[in-house]
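Here are my notes on the model you passed along. I've kept them as numbered points so you can follow them with the structure open.

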Amino acid sequence: MLDGVIPVELCTLSGLRGLNLSHNQLSGNIPNKIGELSLLESLDLSDNKLVGSIPPSMSNKPSLSHLDLSHNNLSGKIPEGSQLQTLHDPSIYADNLQLCGDPLPEKCPRDDEQVRPPMSTGNEDEDDEENKLEKICFYFVIFSGYATGLWAVIGTLLFKRDWRLAYFRFADEAKERILVMVVVKLERLKRMMERPARTE
């Protein structure tokens, strides 16, 4: 009785027409290169402990007329291809509980998923109107607050003489401070430029 994994070297036997490894203790995956056996007519890997998915390369083997992968632990979707579709016998994949797809009755999850267009609730126009109304109210509140604050400042300056005088006094003092700072900076810059000339 054989055990371990299927040797990849078997896939180099290009003239092989029949391969029967059934009723053993083989484990691991079916080699991906098994599709390179272009003349293979019969493949029997049943009653082992093989895991993983069926290699897609097996789906395009026109010479393959007999296949048995039953009683393993294979999983995933059965590859779709011209040759595997002709072997339309569910018993080929029997007792691989995690296999799905044609010809098995178990459909793969993605096969049942359909892109459905979003359902219209009939309230989209109403939602748009509500959003527009909310925006208008928002901008109105902001404008009202700005206008109220501006009028409060202007009104205070117009009707309260003391505040008006204090404001203009503050403005004059700020202007004078800025002018003084500018003059001082210019004077310092002028002195720095004159020093190199004197040293020469």
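1. Start at Ser-27: its bridge partner is Lys-49, over in β5. This is a predicted model, so please read everything below in that light. Ser-27 falls within β3, which covers residues 25-28, and Lys-49 falls within β5, residues 49-52. Two bridges join β3 to β5, and the two strands run parallel.

2. β3 also pairs with β1, a strand made of residues 3-4. That pairing is parallel too, and it rests on two bridges. If you want a place to look, go to Asp-3, whose bridge partner in β3 is Gln-25.

3. Now for the open sheet. Its three strands come in the order β2-β4-β6, and the pairing is parallel. Which strands stand at the edges? They are β2 (18-20) and β6 (66-68); each has a single partner strand, so one side of each is left without a neighbour in the sheet. On average, neighbouring strands here are turned by 10 degrees against each other, if you ignore direction.

4. A bit more on β2 and β4. β4 takes in residues 42-44, and three bridges hold the parallel pairing between β4 and β2. Within that pairing, Leu-19 sits opposite Leu-43 of β4. As a general reminder, side chains in a regular strand alternate between the two faces of the sheet.

5. Have a look at the loop between β5 and β6, too, as Pro-56 is found there. Is Pro-56 buried or exposed? Its relative accessible area is 58%, and the cut-off for exposed is over 50%, so Pro-56 counts as exposed. Pro-56 and Lys-77 are 21 residues apart along the chain, and their C-alpha atoms are separated by 9.9 Å.

6. On to the cysteines. How many disulfides does the structure hold? There is one, and it links Cys-100 with Cys-108, with the sulfur atoms 2.1 Å apart. The link is right-handed, at 95 degrees about the S-S bond. Both Cys-100 and Cys-108 are buried. For anyone joining late, a disulfide is a covalent bond between the sulfur atoms of two cysteines.

7. One last cysteine to check is Cys-11. Why does Cys-11 count as buried? Buried means under 20% relative accessible area, and Cys-11 comes in at 5%, so Cys-11 is buried.

Technical notes
Residues are numbered from 1 along each chain as its sequence is written. This is a predicted model: local features need pLDDT of at least 70, side-chain atom pairs count only at pLDDT 80 or more; totals for chains, interfaces and linings use all residues. Side-chain values use heavy atoms; hydrogens and water are left out. Two strands pair if DSSP finds at least two bridges between them. Helices (H or I, at least four residues) and strands (E, at least two) are DSSP runs, numbered from the N terminus. Axes are lines fitted to C-alpha atoms, for helices over the stretch in contact, and angles run from 0 to 180 degrees between N-to-C directions. Buried means under 20% relative accessible area, exposed over 50%, partly exposed in between (1.4 Å probe, protein chains only). A disulfide is a pair of cysteine sulfur atoms within 2.5 Å.
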